[in-house]
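Grab the structure and a viewer, and work through the exercises below. Each one has a task and then a solution, step by step.

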Amino acid sequence: MNKKPRPGSERTAKKKPKVAIKKGPSLKGLNIALQGGGSHGAFTWGVLDRLLEEDGVFIDGISGTSAGAMNAVVVADGLMKGGKDGARRGLREFWHAVSKAALFSPLQRTPLDIASSNWNLDHSPGYLLLDLMQRLASPYQFNPCNINPLRDLLAEQVDFERVRSCNKVKIFVSATNVRTGRVKVFNRPEITADMVMASACLPFMYQAVEIDGEAYWDGGYMGNPALFPFAYECMCTDVLIVQINPMRRDEIPKTAQEVLNRVNEITFNGGLMKELRSIEFVGRLLDAESVDPGRYRKMLIHMIEFDERSLRLNASSKLNVDWELLTRLHGLGRETASNWIKRNYRHIGMESSVDLRSLFM
């Protein structure tokens, strides 16, 4: 990946060593890329929980968007507070607090859904009302006071001074600049609660978050998450993507809601696909010795994918933060990460475990 940002972009490049970090004969480094996905971010909690437990792996950097950004800052805070165990405890406490805060939310499953173990909110009166309001009015109209309880919860759960001083992991949070349409990446030394909320600001639900005179929406539109900071500021060349939004679906959407959900999935994967295509292209050029290795780095890509079909989830379930669902997602994340480690630990530092070209064919 080219170290020099394109003119006019909001990327910032820094000089860094060209060799991967060495932290022991069997310790392998990973950069972790965390997608957003509402409550499905609890799957990412499970993945991180398992990776933090693994003695043979250390995390060099984390790039996150939306729920992925929240997981990222919770990890940084926890690492400073109590090492890997502190990060694992922090993640559990954060997701439990999110669930508790929503106990009296109108976004609840119906009794029939509960009886049938349906985790989706398609039949929830509160969800249907919210969906209707989003189609008829903007958040500036139906929420003029800009009330967002999640911001207060985040500020209570995370000590952002501790995050900014964290020297154990690099953190990158992506948001979309409303005026320019470019991705903005906030680095750990400057991160605030507002920046994380900007990364999670869905424009149909919340007013744009203002930071230093600029307005920001959800980072998923332009970087879900951004990968380029790893090439500029991290020493590890391995990137593990925790994929929440599926790139491929075999079934064709038929209902209006299914079409809208698929459009959102494609949109929120667009920036990531573009970066992966660039990484694959630069890798081929480096293998062919067609470019200067002093200016470009070969990134090794790995992926852990969330299969929502195992729990029969659809897009509405991203707003369901029932504790039982969150713990199930956490367990699925741990299990998927354990299987990934068994199959791919040997690939870390050696080669990609994902055939990138197959993603574009």
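**Exercise 1. Start with one histidine**

Task: Is His330 buried or exposed?

Solution: Keep in mind throughout that this is a predicted model.
- Step 1. Find His330 in helix α11.
- Step 2. Its relative accessible area is 12%. Buried means under 20%, so His330 counts as buried.
- Step 3. Look at what His330 touches: leaving out residues up to four places away in sequence, the list is Ala42, Trp45, Gly46 and Asp49.
- Step 4. For a sense of scale, pick Val209: His330 and Val209 are 121 residues apart in sequence, and their C-alpha atoms are 29 Å apart in space.

**Exercise 2. The helix pair around that histidine**

Task: How do α1 and α11 pack, and which residues make the contact?

Solution:
- Step 1. Take residues 41-53 for α1 and 323-344 for α11; the axes are 6 Å apart and the packing angle is about 45°.
- Step 2. Roughly parallel needs an angle under 35 degrees and roughly perpendicular runs from 65 to 115. The two helices are therefore oblique to each other.
- Step 3. As for the hand, α1 passes α11 in a right-handed crossing.
- Step 4. On the α1 side, the contact uses Ala42, Phe43, Trp45, Gly46, Val47, Asp49, Arg50, Leu51 and Glu53. On the α11 side, it uses Trp323, Leu326, Leu329, His330, Leu332, Gly333, Arg334, Thr336, Ala337, Ser338 and Ile341.
- Step 5. Sort the residues of this contact by class, and you get 11 nonpolar, five polar and four charged.

**Exercise 3. Bring in α2**

Task: What is the orientation of α2 relative to α1, and relative to α11?

Solution:
- Step 1. Begin with α1 and α2: their axes are 9 Å apart, at an angle of about 25°. That makes α1 roughly parallel to α2.
- Step 2. The crossing of α1 and α2 is right-handed.
- Step 3. From α1, the residues that meet α2 are Gly41, Ala42, Thr44, Trp45, Leu48, Asp49, Leu52 and Glu53. Their partners in α2 include Val75, Leu79, Leu91 and Trp95. This contact holds 10 nonpolar, three polar and five charged residues.
- Step 4. Now turn to α2 (residues 67-101) and α11: the axes come within 9 Å and cross at roughly 150°. Over 145 degrees counts as roughly antiparallel, so that is the label for α2 and α11.
- Step 5. α2 also passes α11 in a right-handed crossing.
- Step 6. Here Arg88, Arg92, Trp95, His96 and Ser99 of α2 meet Trp323, Leu326 and Arg334 of α11. The classes come to three nonpolar, two polar and three charged.

**Exercise 4. Odd backbone geometry**

Task: Where is the cis peptide bond, and which phi signs stand out at Asp212 and Arg312?

Solution:
- Step 1. Recall the background: most residues other than glycine have a negative phi, and most peptide bonds are trans.
- Step 2. Go to Asn224 and Pro225, which are joined by a cis peptide bond with omega of about -5°. Pro225 sits in the loop between β6 (214-218) and α9 (228-233).
- Step 3. Asp212 isn't a glycine, yet has a positive phi of about 50°. Its place is the loop between β5 (209-211) and β6, and at 77% relative accessible area Asp212 is exposed.
- Step 4. Arg312, also not a glycine, has a positive phi of about 55°. You'll find Arg312 in the loop between β8 (300-305) and α11, exposed at 57% relative accessibility.

**Exercise 5. Two loop residues**

Task: Are Thr110 and Ser117 buried, partly exposed or exposed?

Solution:
- Step 1. Thr110 lies in the loop between α2 and α3 (111-115). With a relative accessible area of 17%, Thr110 is buried.
- Step 2. The side chains of Thr110 and Asp113 share a polar contact of 3.0 Å. Outside the four-place sequence window, Thr110 touches His123, Ser124 and Pro125.
- Step 3. Ser117 is in the loop between α3 and α4 (125-136). Its relative accessible area of 37% makes Ser117 partly exposed.
- Step 4. Ser117 touches Arg109 and Arg312, again not counting residues up to four places away. Leu300, by C-alpha, is 39 Å from Ser117 in space and 183 residues away in sequence.

Notes. Residues numbered from 1 in each chain as written. Predicted model: local features only at pLDDT ≥ 70, side-chain atom pairs only at ≥ 80, totals over all residues. Heavy atoms only, no water. Axes fitted to C-alpha atoms, helices over the stretch in contact; angles between N-to-C directions. Helix = DSSP H or I, 4+ residues; strand = E, 2+ residues; numbered from the N terminus. Left-handed = near helix turned anticlockwise from the far one by under 90°. Contact = heavy atoms within 4.5 Å. Nonpolar A, V, L, I, M, F, W, Y, C, P; charged D, E, K, R; others polar. Buried < 20%, exposed > 50% of the residue type's maximum accessible area, 1.4 Å probe, protein only. Polar contact = N/O pair within 3.5 Å; in protein donor to acceptor, adjacent residues only side chain to side chain.
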